Amino acid sequence: MPRPNRFRRYKWHSCYIFPLLILLFLLPPYVNLSSASMNDVEKHQRVMAMYADYRKDFPSVPEIDAEAAMALLSNPDVVFVDVRKSKEQAVSVIPGAIRDKEFRANLDRYRGKRIIAYCTISYRSGKLAAKLARKGVTVINLKGGLLGWVHAGGPLVQNQNPVKRLHVYGRKWDLAPADIETVY
């Protein structure tokens, strides 16, 4: 009795699986299938839930919500510090924000100012704030980061020009409101 060809029974699968795999690889990398079906309220809730989970890594760091931070945007005694990578900052920043490297290189210059740090969702900025707190430098973390900021209607700029574009670090964080173009 001849042995059955065990590969033959899977042959029909390959005619479906191969095109599906091609389709998945052809999808643009910026498409977030998980957040595509969420509305803005659900995205904002997800951002805040993620931030709350991250917060366990820096529980003693003071924080400020986006609405309160926006009210301080034009205050000369407040400095916004962007701790993201240069390629992320090139897409957009909070108006008047300085880079993390500039801040850390000139700590004395900013003494006596209220420092608000941020990144995409404020995990990296929270870790930096905790590290600087051990050195006696108080940094306030922007709750929910830039994602919280844009959900609250906060402005973004690129080269001092208003933009509706945000680098969200990766697919997992592609949770900006519908009116904001995201890249990663």
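## Surface and overall make-up

The accessible surface of the protein chain adds up to about 11200 Å², and carbon and sulfur atoms account for 57% of that area. Keep in mind that this is a predicted model. Of the 184 residues in the protein chain, 40% are buried.

As for secondary structure, you'll find seven helices and nine strands in the protein chain. Contacts reach a good way along the sequence, too: if you take those between residues at least 6 apart, 67% of them join residues at least 24 apart.

## The parallel sheet

Five of the strands come together in an open sheet, with parallel pairing and the order 1-5-4-2-3. Strand 1 (63-64) and strand 3 (98-99) sit at the edges with a single partner strand each, so one side of each has no neighbour in the sheet. In general, the strands of a sheet pair through backbone hydrogen bonds.

Val 81 is a handy place to start tracing the pairing. Its bridge partner in strand 3 is Ile 98, and its bridge partner in strand 4 is Ala 117. Strand 2 (residues 78-82) pairs with strand 3 over two bridges, in the parallel sense, while five bridges join strand 2 to strand 4, again running parallel.

From Ala 117 you can carry on into strand 5, where Asn 141 stands opposite. Strand 4 and strand 5 are parallel as well, with two bridges between them.

## Strand 4 and helix 6

Strand 4 (114-118) is mostly covered, with four of its five residues buried. Part of the packing around strand 4 involves helix 6 (123-133), whose buried residues pack against helix 5 (100-105), strand 4 and strand 5 (140-142). Those buried residues of helix 6 are Ser 125, Gly 126, Leu 128, Ala 129, Ala 130 and Leu 132.

The loop between strand 4 and helix 6 holds Ser 122. Its backbone is worth a look: phi of Ser 122 is near 75°, a positive value in a residue other than glycine. Ser 122 has 0% relative accessibility, and because buried means under 20%, it counts as buried.

## A second positive phi

Gln 160 is not a glycine either, yet it has a positive phi of about 70°. You'll find Gln 160 in the loop between strand 6 and strand 7 (161-163). Is Gln 160 buried or exposed? With a relative accessibility of 74%, Gln 160 counts as exposed.

## The largest pocket

The largest pocket has a volume of about 260 Å³. It is lined by 14 residues, and the closest to its centre are Gln 89, Val 93, Ala 97, Arg 99 and Asn 159. Strand 3 and strand 6 (156-158) are the elements that give two or more residues to the lining.

What is the lining of the largest pocket like chemically? Its residues divide into six nonpolar, six polar and two charged.

## A contact across the sequence

Helix 2 (residues 40-54) includes Ala 52. Ala 52 is exposed, with a relative accessible area of 51%, because the cut-off for exposed is over 50%.

If you want to see two distant stretches of the chain brought together, look at Ala 52 and Gly 144: they are 92 residues apart along the chain, and their C-alpha atoms are separated by 8.4 Å.

Note on methods: Residues numbered from 1 in each chain as written. Predicted model: local features only at pLDDT ≥ 70, side-chain atom pairs only at ≥ 80, totals over all residues. Heavy atoms only, no water. Pairing = 2+ DSSP bridges. 1 Å grid on protein atoms, 1.4 Å probe; cavity = no way out; pocket = protein on both sides within 12 Å on 5 of 7 lines; lining within 4 Å. Points joined across faces, edges and corners; volume = space filled by probe spheres on them. Nonpolar A, V, L, I, M, F, W, Y, C, P; charged D, E, K, R; others polar. Buried < 20%, exposed > 50% of the residue type's maximum accessible area, 1.4 Å probe, protein only. Contact = heavy atoms within 4.5 Å. Areas by Shrake-Rupley, 256 points an atom, 1.4 Å probe, with all protein chains shown as cover.
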